[in-house]
Each structure stands twice: as C-alpha cells, then as structure tokens.
Amino acid sequence: MELPIDHFRLLGVSPSSDTEEVLRFFQLRLDRTPDDGFTPEVMAQRSELLRRSADLLCDKQLREQYETALTAGASGLEFSSNREVAGLILLWEAKNSIEAFNLARKALQPPQAPALGSGRESDLALLTALSCKDAAIYEQEQRRYSSAAEILEGGIHLLQRMGKLQERRQNLEKELEALLPYRILDLLSRDLSDQKSHQDGLNLLDGFVLNRGGLEGGKSTNSSLEFNQEDFEKFFQQIRKFLTVQEQIDLFSHWYKNGSHDAGFLFAIALVASGFYRRKPESLQKARKQINKLNSQGFDSMSL
C-alpha cells in the first residue's frame, strides 16, 4: 500500500532538520504512543517504521538521494501488507486524518476485511474511530459542517456494523448531534441550484423542529444538544433568509399542524407575503382564515 506521506512528515520533522533534531523527534515519537488501545504488535511495527525513517534521514547519502527523488516528483511511501496498519496510524498522527479514515474504512471492507476478532480488525476499528473524530473536527474548522457530519455518519455506521467500540461510537453520535444546526445552515445557505443539498437541509430542519416540539421547543427530549430557546431563535433567524416563501409556507403549515402555535402565526405572515408578491387574493383569504383560527385561541389579530 502506498500512503500519501514522506519520511519527514512521518517522523514529524522539517526538511531542514539536522541529524540531532531528527533523533530527538524520533525519541519523542517513541515515548509518546498515540493510544493505549492499539495492540502491542502494531505499536512495535510503528516504532520500526519510525526507526526506518530516522535511519534514512540520518544517513547523509541516503537522505540526499531521497531529497533528489522528492524534488523530481516522487510522492508517497510504500508499506508492505503486514505494516500497512502501522503506516495508517502514522498517517493519522501526521494530521492526514481524512485520508487515514478513508483508507482504514476501506481496509475493513471486503475483500480485504480482516479476520473477525483479529488484532488487525481491532487496530483498524480503533483507528477508524480516532481518525473519524479528527477528520470531522478538521472539516468543522474549515466550516464544512455537512462534510463533517457525513464523515461522522460513516464512522458510526461502520462501528455499528462491526459491533465494536460502543463508547467511542456513542461519543461520535454526540458529536454528530451537536453538528445538526450547523449542518442545516451549511446546506441551506448554498446556491439554490444545488437542489439536493437544499432539500437535504429542509428535511433536516423539519425533523429538528418537530423533535424539539415546534418552534417553541416544548418537547423534552433525551438530546445531548445544548441548544436553548434563545440560541434556537438566533439560529432560525439566520436560516429563514435562505428559505423561499413557498418553503416557509409549507414548513410553517406542517409545524402548525403538529402543534406549534408560533408556526401558525408565521404561516399566516408567509401567506400574506405570498399573496401580495404573487398578487393572489386567495392566499390573502387563506391567511385571514388562519388569523381567525389563531384569534379563537386567544391571539389578538387587530394589528393584522
């Protein structure tokens, strides 16, 4: 397997690092293992690969040949099949979390899937969980919230299928849940020509509002998402400008039918806006009927 990493990045040193610095970083990497959950075998292989890089970079002739090859366009390092998991761990440690996640997930799929209960399967499952989390964090930092959510969904699905690392999977689920408002905003704020993303955003928004008990948030849930009413209203003000009038009419009507009184008011306002903009008196008549319904529930419609 060829991995997109060179000896400098694998070891964590700069191309300008001298022998002393290379050896210092080598020792630091040996002393700081990434996680207690990996098997001793793969950790030994990791140390072996680090030593191989340190030996090459400390040998003046080999280093010059390698740097010449890099200058000529060489890229990536080849790892034997019995060392590829250790190579993937080093790829993840080098902050290539997305590549490490995708390759680890691929290695867990047929036909190259490891034997059930094997150390290889255990190491790959743990690496998938760790790299999944880091890849999602990186995507969030780049404000690619929908991409971050898709990565988390991929990791969660894989761990569920394998029946592995339940606690880590639950942590990924919490991360995914916390991303929901940002994911909705990401999808809805895209150009309307991206119809699939926009529709996905609408579906997520609909489910989000219904699960919290309407716009008022009257339903208590077991959600770990810390999103109080004030935060929700700020969020909703942001996304409302990305909704067409017809989309607002459809959503507000749906939420009103499911018990959201505030949505009933906004449904009437959206109908009024649509009626004037499209010059459709029937929309205004429908809005009037909606206002009367609200009035029967104690709503003062005089200002309208």
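## Exercises on a predicted model

D200 is partly exposed, with a relative accessible area of 29% (buried means under 20%, exposed over 50%, partly exposed in between, with a 1.4 Å probe and protein chains only). This is a predicted model in which local features need pLDDT of at least 70 and side-chain atom pairs count only at pLDDT 80 or more, while totals for chains, interfaces and linings use all residues. Residues are numbered from 1 along each chain as its sequence is written, and side-chain values use heavy atoms, leaving out hydrogens and water.

**Exercise 1.** Find the salt-bridge partner of D200 and place the pair in the structure.

*Solution.* Start with the cut-off: a side-chain nitrogen of Lys or Arg lies within 4 Å of a carboxyl oxygen of Asp or Glu. K196 fits, as its closest N and O atoms with D200 are 3.0 Å apart. Next, locate them: both sit in helix 10 (residues 195-211), four residues apart, about one turn of the helix. Helices here are DSSP runs of H or I with at least four residues, strands are E runs of at least two, and both are numbered from the N terminus. Finally, check K196, which is exposed at 61% relative accessible area.

**Exercise 2.** Work out what the salt bridge between E48 and R83 ties together.

*Solution.* First, the side chains meet at 3.2 Å, N to O. Then look at where they lie: E48 is in helix 3 and R83 in the loop between strand 2 (77-78) and helix 5, so the pair links parts 35 residues apart in sequence. Lastly, E48 is partly exposed, with a relative accessible area of 41%.
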